[in-house]
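Me: Hey, can you walk me through this one? I'm new to reading structures, so plain words please.

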Amino acid sequence: FDILQLSFAATTPELADKKKYPYFFRTVPSDNAVNPAILKLLKYYHWKRVGTLTQDVQRFSEVRNDLTGVLYGEGIEISDTESFSNDPCTSVKKLKSSDVRIILGQFDEEMAVKVFCCAYDEEMYGSKYQWIIPGWYENLWWESWINSSQCLSKNLLAAMEGYIGVDFEPLSSKTNKTISGRTPQQYEKEYNAKRGEGQSSKFHGYAYDGIWVIARTLQRAMNYLNSTKQHQKIEDFNYTNQKLGKIFLNAMNETRFFGVTGEVVFRNGERMGTIKFTQFQEQKEVKVGEYNAVDDKLVIINNSIRFQGLEPPKDKTIKLDELRKISLPLYSILSALTILGMIMASAFLFFNIKNRNQKLIKMSSPYMNNLIILGGMLSYASIFLFGLDGSFVSEKTFETLCTVRTWILTVGYTTAFGAMFAKTWRVHAIFKNVKMKKKIIKDQKLLGIVGGMLLIDLCILICWQVVDPLRRTVEEYNTEVCPQAQVILV
């Protein structure tokens, strides 16, 4: 009949189809109006990976489908899309297995209780997770449905803590005077006084602004008819007068004023309203921000959003490749002990050289003692080299360092062990002489034994270096939870 229809409470997204309902307008934002607000919130906290959990009802499915279109091309990935009819636990488990941390939910109060019970069982709450769900639930909504779930009240409240609800703003928070001359606060006070003990509806402001929309539309249509001098009045309207119907349609599309619910503007018949964000904090919902669809602007109230951790949850498990390093305190302690050992060895070497002509020292083969001390000092020196890892030297230097420290440790050990072995062999050779003949084994022969051992080592080391030199390789270890941030694995 080409007659305008104006609703103040119908939020179903289906009515946004202008091919089916070209003359339908509404002063209340549709359920889909929350999606641009959610997009702004995700961008505000740099969340680029989300998952959806939707009750298998047309109203919620339409919102989810529209959200997919809103997020498309915005650099935000929907990593998992889950839906359920009666039992959401399977879907919640799938979200967890997909490592979804930011969950966008669409379900009613009854299912919300079941969802959060499942979330508690799967430990999908706290500092690692953020739930974003509809904000139009009744006050203390969980108390009506807690008995229908197998969940303790304290467990349910623990899982609910910190969720963010999204819904349209019933009344504007601005203090500007509206088209009626009242501020939204004055209107609310007058409304409450007139309704008395009657039940309040959150749509009352939209009904009030709807009356003003009708009045402004008629006024604009009358002004247009008067300006065209067609001698036509709005009283001439009938259900077959398409021309007047188009005039009314254009007049309503051009309507714009500040009402008690905020700026009243239509885009293709859809109200560009204000969306509010609330957060569940200590068993009550607290307003934490709002989104103005007209200006496409998100405002977060200072320090009102409380996250369970020190910062907003991450949108996924962050895996960082981190080089395992030698503990610096441990390296420092061992280096200090090594220095003390080298100082002690130097003192022994000095003592041995200074007193080499004394009878007792001379009988103990001071030259072999010196080799033992020098071999020990070389082994000590290798400790410094083994403590130098990728945090101190470059990759190329590290490969050279691997070779150097292997040579030093091998030569040092062989020198010290070879000298002790040679001295022990001399004692053995003397005392196994059953004929008790005088037998002299000079230090030169012992030095030859040590030299022979070193020569064998050098041959092995040289062949090793030529055929298969040491190379730096990277080995992957199992992931571990970083103690500084539980969602970061290294």
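**Sheets, helices and a few loops**

Reply: Sure, starting with a small sheet: three strands form an open sheet in the order β8-β9-β10, and the pairing is antiparallel. The model is predicted, so local features need pLDDT of at least 70 and side-chain atom pairs count only at pLDDT 80 or more, while totals for chains, interfaces and linings use all residues. Residues are numbered from 1 along each chain as its sequence is written, and side-chain values use heavy atoms, with hydrogens and water left out.

Me: Which strands stand at the edges of that sheet?

Reply: β8 (256-259) and β10 (270-271); each has a single partner strand, so one side of each is left without a neighbour in the sheet. Helix α8 (residues 204-228) packs on this sheet and touches β8, β9 and β10, with its direction at about 150° to that of β8. Contact here means heavy atoms within 4.5 Å.

Me: And what counts as a strand, or a pair?

Reply: Helices (H or I, at least four residues) and strands (E, at least two) are DSSP runs, numbered from the N terminus. Two strands pair if DSSP finds at least two bridges between them.

Me: How many bridges join β8 to β9?

Reply: Four, and the two strands run antiparallel. A hairpin through two residues connects β8 to β9, and Gly259 has Gly262 in β9 as its bridge partner. On the other side, β9 (residues 262-267) is joined to β10 by two bridges, again antiparallel, with Arg267 opposite Glu270 in β10.

Me: OK, other sheet. What's the strand order there?

Reply: That open sheet has eight strands, ordered β4-β3-β5-β6-β7-β11-β12-β13, and the pairing is mixed. Its edge strands are β4 (77-84) and β13 (297-300), each pairing on one side only. From one strand to the next, the twist averages 25°.

Me: How do β3 and β4 pair, parallel or antiparallel?

Reply: In the parallel sense, over seven bridges, with β3 covering residues 49-55. Thr54 stands opposite Ser83 in β4. Helix α4 (residues 109-121) packs on the sheet and touches β3, β4 and β6 (130-134), at about 170° to the direction of β6.

Me: Is Gln106 buried or exposed?

Reply: Gln106 sits in strand β5 (residues 102-106), and its 13% relative accessibility makes it buried. Buried means under 20% relative accessible area, exposed over 50%, and partly exposed in between (1.4 Å probe, protein chains only). Leaving out residues up to four places away in sequence, Gln106 touches Leu53, Thr54, Gln55, Phe60, Val63 and Pro134.

Me: Switching to helices. At what angle do α12 and α13 pack?

Reply: About 155°, with the axes of α12 (residues 366-386) and α13 (residues 395-431) 8 Å apart. That makes α12 roughly antiparallel to α13. Axes are lines fitted to C-alpha atoms, for helices over the stretch in contact, and angles run from 0 to 180 degrees between N-to-C directions. Under 35 degrees counts as roughly parallel, over 145 as roughly antiparallel, 65 to 115 as roughly perpendicular and the rest as oblique.

Me: What about α10 and α12?

Reply: α10 (residues 328-354) packs with α12 at about 165°, axes 9 Å apart, and therefore the two are roughly antiparallel to each other. Among the α10 residues that meet α12 are Tyr331, Met342 and Phe348. The residues of that contact divide into 14 nonpolar, seven polar and no charged. Ala, Val, Leu, Ile, Met, Phe, Trp, Tyr, Cys and Pro count as nonpolar, Asp, Glu, Lys and Arg as charged, and the others, Gly among them, as polar.

Me: Now α1. Which of its residues are buried?

Reply: Val34, Asn35, Ala37, Ile38, Leu39, Leu41 and Leu42. Asn35, in α1 (residues 34-44), has 0% relative accessibility and so counts as buried. Asn35 touches Val63, Asp66, Leu67 and Val70, again leaving out residues up to four places away in sequence.

Me: And what comes after α1?

Reply: His46, whose phi is positive, near 60°. His46 lies in the loop between α1 and β3 and is exposed, at a relative accessible area of 62%.

Me: Where is Asn303 found?

Reply: In the loop between β13 and β14 (318-319). Asn303 has a positive phi near 55° without being a glycine, and Asn303 is exposed, with a relative accessible area of 80%.
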